[in-house]
Every structure is written in C-alpha cells, then in structure tokens.
2 protein chains.
Amino acid sequence: VKAKARRFKIIVAYDGGPFAGWQSQLHRKTVQDALEASLRSSTGERVSVQGAGRTDTGVHALAQCAHFELATSRLTAETLSKALNAGLPNSIRILRCVTVRQSFHARFSARGKTYRYRIWNAEVQPPLEVGRSWHVRDPIEVREAAQTLALFRGKHDFASFSANPGQSRATTVRTVANARLVKKGSLLTMHIEGDGFLYKMARMIVGAVMLHADGKLTREQIVRELEKPGARIHRLVAPAAGLYLVRVRY
Amino acid sequence: VKAKARRFKIIVAYDGGPFAGWQSQLHRKTVQDALEASLRSSTGERVSVQGAGRTDTGVHALAQCAHFELATSRLTAETLSKALNAGLPNSIRILRCVTVRQSFHARFSARGKTYRYRIWNAEVQPPLEVGRSWHVRDPIEVREAAQTLALFRGKHDFASFSANPGQSRATTVRTVANARLVKKGSLLTMHIEGDGFLYKMARMIVGAVMLHADGKLTREQIVRELEKPGARIHRLVAPAAGLYLVRVRY
C-alpha cells in the first residue's frame with residue numbers, strides 16, 4: 001500500500017541579513033534553498049517549498065508562511081519541525097509546523113499580509129539597529145508622515161507603487177486595509193496590512209511617504225497616481241533592512 | 001604658545017558581535033583599537049582611549065564611557081564626534097562627546113554601572129534574537145529566579161562570583177544597589193546595578209541564578225559564598241551575547 005502524501009504548513013522566521021531573499025537561486029544563499037536542503041536531510045525527500053510570497057534580499061520575516069508535500073516520510077509534524085530546525089542555520093527558525101488539507105496553498109490561499117517598516121530617525125543610528133531599520137537623519141514630521149501614509153488605505157490601483165508595473169497583465173488593484181505610523185522615541189514604525197502586495201509595493205509606499213516628507217512628491221500626486229497611474233513621479237524603494245513580513249492571513 | 005591639552009569624555013554604543021571585546025589586542029579587532037584608529041585619522045594624534053571598564057568578546061554596550069586627551073587638535077567636541085563616527089564602522093557609534101576637566105577619569109571617576117542581561121526562554125529562539133540573548137529552552141520559574149537574583153543585592157564579597165578571584169590583592173567587596181528580573185513574553189531581562197563589577201561578575205551572577213534554577217546550586221550556598229567565599233561550588237559564566245553595558249554612573 002502506497003502511503004498517502006501529506007501536506008504541511010510551516011510558519012518560518014528569518015533574519016534577512018545573511019540571505020539573498022526567499023526565492024531559490026543558483027549560487028546564492030536563499031531561505032527557500034536552506035529549507036529544502038534541511039527537508040532533504042531530515043526526510044530524504046527532495047521537495048519544493050512554496051512560500052506565501054517572495055521577500056527580497058535583506059528583508060526580515062517574523063512569520064512567513066509556506067507549504068510543502070511529503071510523499072513517504074512518516075515523521076509527525078512536531079518531530080519534523082525539530083528535525084528541520086536542527087538542520088537549519090539559526091538565522092532561520094520553524095516556529096510552527098502542522099499538516100493541512102491538500103487544497104491549502106501558501107500563496108493562493110493567502111487572504112492578506114501584514115508588513116512592518118522601521119525607520120530610525122535621529123542623527124545617530126545605534127549599532128544594534130544596523131540592518132534592522134532605515135537610518136533617516138533629517139527630522140520627520142510624524143503627523144505629516146502619518147497623514148501621507150493614510151492616503152494608501154483602501155482599494156487603489158497600486159501600479160505606480162510597484163517595481164514592475166507593466167510586467168504582468170494581472171490586475172494591479174489591491175486593498176490596503178490598514179496603514180498607520182507609530183512613533184516611540186527615535187523609532188518610527190509603519191504598519192501596513194493589505195489583501196496582497198505587488199512587487200516592492202510595501203517599500204515603495206514607505207518611499208513615497210519619505211519623498212513627500214522631503215518635498216519631492218505632493219499628496220495630490222499620490223492621490224492622483226492611486227486613482228489613475230501613469231504620471232512620471234518620483235519613486236523610491238525604501239531599503240530592505242527596515243522591512244519585516246509580520247503575518248500572513250488565511 | 002603651546003595649546004593646552006583638552007580632555008574629552010565620550011559615550012559609546014557598540015554591537016559586541018564583531019569585536020574581540022573592548023580592550024586593545026594584537027591582531028584582533030577591538031572597540032578600543034577602532035576608536036584609537038578613528039581618532040588618529042580625525043586628528044592626526046596618536047592617543048590612548050581609556051574605557052570605564054573592559055567588556056568581553058560579544059558583550060554589547062548601549063552606553064560605555066571613555067576618555068582621552070588631545071594635545072594639539074582644535075576640533076570642537078561636536079565636530080570631533082562627527083569625524084569619529086565617519087571613521088568608525090557602524091557597529092560602533094559615538095553618542096555623545098564633551099570636554100571634561102583634567103581630573104576626570106572614565107574608570108576611576110566611575111561611581112557605578114548598570115548591566116542588563118537578556119534570556120530568551122522558549123523552545124525556539126527567534127533569528128533576530130541570535131547574538132542578542134541567551135537561549136534557554138527549559139522553562140524558568142520566574143518568581144524563583146527573581147528571588148535568587150535578589151540575594152545578590154547589597155554589600156558582599158563577590159570573590160566566588162568572579163573569574164579571577166585570587167589574581168588581584170584588591171578588595172573583592174562590591175555593593176549591588178539593585179538586581180531585578182523582568183519578564184515580557186519569552187524574554188527575561190535581569191537588571192543589575194552596582195558600584196563596581198569584578199571580572200565576569202555580572203555574567204556569573206546570571207550563571208548562579210540559572211544554576212539554582214537547574215538544581216545545581218542552593219540558595220544557602222549562594223548566601224554562604226557571599227558572606228564567606230571559599231567553598232567549591234558550581235560556577236557558570238553566562239554567555240556574552242546576552243550582556244549589555246547599559247550605563248556608567250559618575
């Protein structure tokens with residue numbers, strides 16, 4: 001009797017610093033490759049791990065989600081989780097591992113994601129913040145920035161706030177359920193929650209807020225671009241190190 | 001007319017990870033060496049930087065204090081601070097630089113220090129905590145640990161809680177003004193404040209608390225050693241990565 005294949009869902013945290021992003025690449029260290037290597041040594045099976053989304057080089061994850069299928073292994077989810085962690089560098093950790101129904105798909109079943117973006121706004125960035133926040137020296141008007149960020153809330157065409165707007169024929173309309181800014185001392189944190197994010201969209205929203213703070217983009221331009229993309233406006237991708245994938249919602 | 005030498009006090013933060021501690025060493029990267037190299041390139045003067053205390057390899061500092069003297073440079077403290085930061089790796093930052101009276105000495109004028117020790121107490125340590133906390137898997141009884149830690153408060157002979165008790169003929173009596181434990185989720189933080197710390201004393205206090213939690217050291221043994229050192233008790237130096245020099249008091 002052939003054992004039935006089982007599908008697993010994992011919640012994964014990683015420090016983006018040492019990796020060339022999530023997505024498998026030749027000759028570069030990626031999170032997906034590390035997970036697949038550890039799966040192979042734990043189970044003997046060569047399987048593909050499908051993430052909820054690709055994170056770029058340097059982007060951190062507090063709770064990325066992924067799925068994979070095992071054809072023959074009989075390890076329990078808990079044992080598998082421990083075996084995977086034992087084989088992974090400590091810059092990647094499996095936080096949770098459960099079996100799921102065959103129809104579950106980490107990417108296609110996802111109903112939304114939450115990102116966090118951290119900015120250290122002071123003359124000096126503390127050493128322990130390096131690689132974990134964007135260091136911005138010029139004082140940011142917090143109320144102003146919060147209001148600009150709020151413009152992105154709701155259902156809009158985010159084509160102008162994505163790195164490859166013309167590459168896909170799929171819709172560039174997304175709904176941002178929440179976008180808010182919290183200040184605590186020198187640390188500004190932007191929380192952005194949406195039903196989906198285009199390529200580099202989270203970092204380009206942050207970039208637009210900072211371009212506005214810098215006088216290089218008006219609120220009217222932002223509003224217009226969200227209604228009818230196409231104008232040649234200043235665009236900025238905020239540095240990867242400040243971005244954290246916080247949660248994937250199903 | 002020969003310019004009068006000026007003495008400077010600096011507050012320095014550093015990520016202990018990349019350094020072989022504070023103290024200058026041949027062929028190893030240390031914080032003191034990096035500061036002296038940056039001072040030399042900023043001012044042309046070859047000077048020695050005196051820290052309030054030596055931190056070991058991997059120990060972090062949120063606000064270490066140090067002093068040095070410049071014989072000829074006429075840079076203002078503010079310009080000097082910026083020049084030093086420009087020449088330093090971003091794992092070391094000057095947070096403050098002021099001129100002080102000639103009698104000020106970073107080490108001998110210090111009236112006390114505050115350390116923080118972070119323990120991540122859960123099955124899995126999040127990747128962004130690696131190098132920044134001690135990962136302890138076995139559940140720690142927080143009330144118990146807090147009570148054990150409190151034993152170290154007050155004036156005691158800390159000879160048994162230091163790595164080189166017999167090396168110096170100086171007194172091993174110190175006063176710990178405060179020692180308390182705070183729990184927030186999986187993170188346990190010990191705050192230890194004293195008029196002075198023997199070599200590895202902060203990490204050995206943490207080690208003793210954990211040895212007690214592990215059943216390898218009784219409270220009676222700790223109390224006895226603090227009164228009259230000398231018994232052969234279990235000793236443990238907690239890992240460097242969890243330790244932070246928080247403040248030097250003058």
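Here are a few exercises on a predicted model, each with a worked solution.

**Exercise 1. Overall build**

Work out how many helices and strands chain A has, and how its radius of gyration fits the globule rule.

*Solution.* Start with the elements: chain A contains 5 helices and 10 strands. Next, take the radius of gyration, which is 20 Å for chain A. For 250 residues the globule rule gives 18 Å, and the two values are close, so chain A is as compact as a globular protein of that length. To picture the outline, put the C-alpha atoms of chain A in a box along the principal axes: roughly 65 × 40 × 30 Å.

**Exercise 2. Inside and outside**

Find what share of chain A is buried, and what its exposed area is made of.

*Solution.* Count a residue as buried if its relative accessible area is under 20%. By that cut-off, 50% of the 250 residues in chain A are buried. Now turn to the surface: chain A exposes about 12,300 Å², with 49% of that coming from carbon and sulfur atoms. Then look at the charges. There are 40 positive and 19 negative side chains in chain A, and 7 Å separates the centres of the two sets. Finally, check the contacts: among those in chain A with a separation of 6 or more, 70% are between residues 24 or more positions apart.

**Exercise 3. One helix up close**

Take helix H3 (residues 142–150) of chain A and decide where its buried residues sit around the axis, and what they pack against.

*Solution.* First list the buried residues of H3(A): A:Ala145, A:Thr148 and A:Leu149. Look down the axis, and those buried residues fall within an arc of 100°, so they line one face of the helix. The spacing makes sense too: an α-helix has 3.6 residues a turn, so residues three or four places apart point the same way. Last, look for the neighbours. The buried residues of H3(A) pack against two strands, S8 (173–184) and S9 (187–194), and against helices H4 (201–213) and H5 (219–227), in chain A.

**Exercise 4. Two unusual phi angles**

Locate B:His27 and B:Lys200, and say whether each is exposed or partly exposed.

*Solution.* Begin with the background: most residues other than glycine have a negative phi. B:His27 isn't a glycine, yet its phi is positive, about 60°. You'll find B:His27 in the loop between strand S1 (6–14) and helix H1 (31–43) of chain B. Its relative accessibility is 79%, so B:His27 counts as exposed.

B:Lys200, also not a glycine, has a positive phi of about 65°. Look for B:Lys200 in the loop between strand S9 (187–194) and helix H4 (201–213) of chain B. With a relative accessible area of 26%, B:Lys200 is partly exposed.

Conventions:
Residues numbered from 1 in each chain as written. Chains lettered and ligands numbered in written order. Predicted model: local features only at pLDDT ≥ 70, side-chain atom pairs only at ≥ 80, totals over all residues. Heavy atoms only, no water. Helix = DSSP H or I, 4+ residues; strand = E, 2+ residues; numbered from the N terminus. Rg over C-alpha atoms; globule rule 2.2 N^0.38 Å. Buried < 20%, exposed > 50% of the residue type's maximum accessible area, 1.4 Å probe, protein only. Contact = heavy atoms within 4.5 Å. Areas by Shrake-Rupley, 256 points an atom, 1.4 Å probe, with all protein chains shown as cover. Lys, Arg positive; Asp, Glu negative; His and termini not counted. Charge placed at Lys NZ, Arg CZ, Asp CG, Glu CD. Arc of directions from axis to C-beta.
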